[in-house]
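Here is a short set of exercises to work through with the model open beside you. Try each task before reading its solution.

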Amino acid sequence: MSLDRFIRLADSLVEFEASLNSNEFPVSTRCLLDAHIGETKSTWERLRVIYEQCLDDLSNKEESEKEADDEASEIETVKQKYRNSYSTYCRIISKLTEALENMSNIVHSPSPSLQPSPNNPFHLPPIELPTFNGDYRSWPTFRDMFSAVCIRNSKLCPVGKLFHLSQKTKGEAHEIVAKSPLTNDGFQNAWSNLCAPYENKRVLVN
């Protein structure tokens, strides 16, 4: 149900902010900060979409299922949670952006380049990766391209690979990836979990 998904996404922002404040997530490199910012923005965009859907679902409820006053109260509760989530999102982005700016002031950033380098480990070659949504027919293409561009890229750190994997999946595939923490250790687990259901040779042949 849209309400359950909305609550999960809203709570995930609160949990991530708490983890940042308690230093559970490292913010010691530009790569990690970029990954955290990207994942936070991705979560917020998904939350905005499900919020609108949630309001529509609540508004369309038949009065026989729920009293009008109760329904209006539930809608207001959802709206308040959305406002709180936006405040949380702003605090997270502000904290991460400030850390990124402070790091840039300490270490001079190199000029942007199309080629990955040790100082720019989060940058990909100028190749547009397809987005994988869980379609078995497109899995072999996505798997091979992602392996070539990201996994075999020695200049890309594991958390950077996981960030790009998260950005280039959606739907059921993204939900599988999102179960793994956005850390260096989380990438291998996320990739293995994603490969498992789609490496069914019989389905791929069909």
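A pocket, as used below, is an open set of points on a 1 Å grid where a 1.4 Å probe fits, with protein on both sides within 12 Å along at least five of seven lines. Its volume is the space filled by probe spheres set on those points. Please keep in mind that the model is predicted.

**Exercise 1. The largest pocket**

Task: Find the volume of the largest pocket, then describe its lining.

Solution. Start with the volume, which is about 860 Å³ for the largest pocket. Next, collect the lining: 29 residues take part, and Leu 9, Glu 39, Thr 43, Arg 46 and Ala 178 lie nearest the centre of the pocket. Now sort the lining by element. Two or more residues each come from α1, α2, α5 and α6 (171-178), and α2 gives the most, with nine residues. Finally, sort the lining by character: eleven residues are nonpolar, eleven are polar and seven are charged.

**Exercise 2. The overall fold**

Task: List the kinds of elements in the protein chain and state what share of its residues is buried.

Solution. Counting elements gives eight helices and zero strands. Read from the N terminus, the order is therefore α-α-α-α-α-α-α-α. For burial, apply the cut-off of under 20% relative accessible area. Buried residues then make up 38% of the 206 residues in the chain.

**Exercise 3. Two helix spans**

Task: Compare the end-to-end C-alpha distances of α1 and α4 with the spans expected at 1.5 Å a residue.

Solution. Take α1 to begin with. Its 20 residues should span 28 Å, and the end C-alpha atoms are 29 Å apart, so expectation and model agree. Now turn to α4 (residues 139-151). This helix has 13 residues and a straight one would reach 18 Å, but its end C-alpha atoms are only 16 Å apart.

The same two helices can be checked for burial. In α1 the buried residues include Phe 6, Leu 9, Leu 13 and Phe 16, along with Glu 17. In α4 they are Trp 139, Phe 142, Phe 146, Ser 147, Val 149 and Cys 150. Just past the helix, α1 is followed by Asn 23, which has a positive phi near 60°.

**Exercise 4. Aromatic pairs**

Task: Count the aromatic pairs and classify the pair formed by Phe 6 and Tyr 51.

Solution. With ring centres required to lie within 6.5 Å, the count comes to 15 aromatic pairs. For Phe 6 and Tyr 51, the ring centres are 5.8 Å apart and the planes stand at 40°, so this pair is tilted. The pair links distant parts of the chain, with Phe 6 in helix α1 (residues 2-21) and Tyr 51 in helix α2 (residues 30-59), 45 residues apart. Both of these residues, Phe 6 and Tyr 51, are buried.

Now repeat the steps for Trp 44 and Tyr 86. Their ring centres are 5.4 Å apart and their planes are at 50°, so this pair is tilted as well. Trp 44 lies in α2 and Tyr 86 in helix α3 (residues 68-106), so the pair ties together parts 42 residues apart in sequence. The two partners fall into separate burial classes: Trp 44 counts as buried because its relative accessibility is 5%, while Tyr 86, at 44%, counts as partly exposed.

As a last step, follow the ring pairs into a cluster, which is made up of Phe 132, Tyr 136, Trp 139, Phe 142, Phe 146, Trp 191 and Tyr 198.

**Exercise 5. The cysteines**

Which cysteines form a disulfide, and where do they lie?

Solution. A disulfide needs sulfur atoms within 2.5 Å, and the count comes to one. The partners are Cys 31 and Cys 157, with sulfur atoms 2.4 Å apart. Cys 31 lies in α2 and Cys 157 in the loop between α4 and α5 (158-167), so the pair ties together parts 126 residues apart in sequence. Cys 31 and Cys 157 are both buried. To finish, look at two further cysteines: Cys 90 is partly exposed at 32% relative accessibility, whereas Cys 150 is buried at 0%.

Notes:
Residues numbered from 1 in each chain as written. Predicted model: local features only at pLDDT ≥ 70, side-chain atom pairs only at ≥ 80, totals over all residues. Heavy atoms only, no water. Helix = DSSP H or I, 4+ residues; strand = E, 2+ residues; numbered from the N terminus. Expected span 1.5 Å × (residues − 1). Buried < 20%, exposed > 50% of the residue type's maximum accessible area, 1.4 Å probe, protein only. Phe/Tyr/Trp six-rings, centres within 6.5 Å; stacked < 30°, edge-to-face > 60°. 1 Å grid on protein atoms, 1.4 Å probe; cavity = no way out; pocket = protein on both sides within 12 Å on 5 of 7 lines; lining within 4 Å. Nonpolar A, V, L, I, M, F, W, Y, C, P; charged D, E, K, R; others polar.
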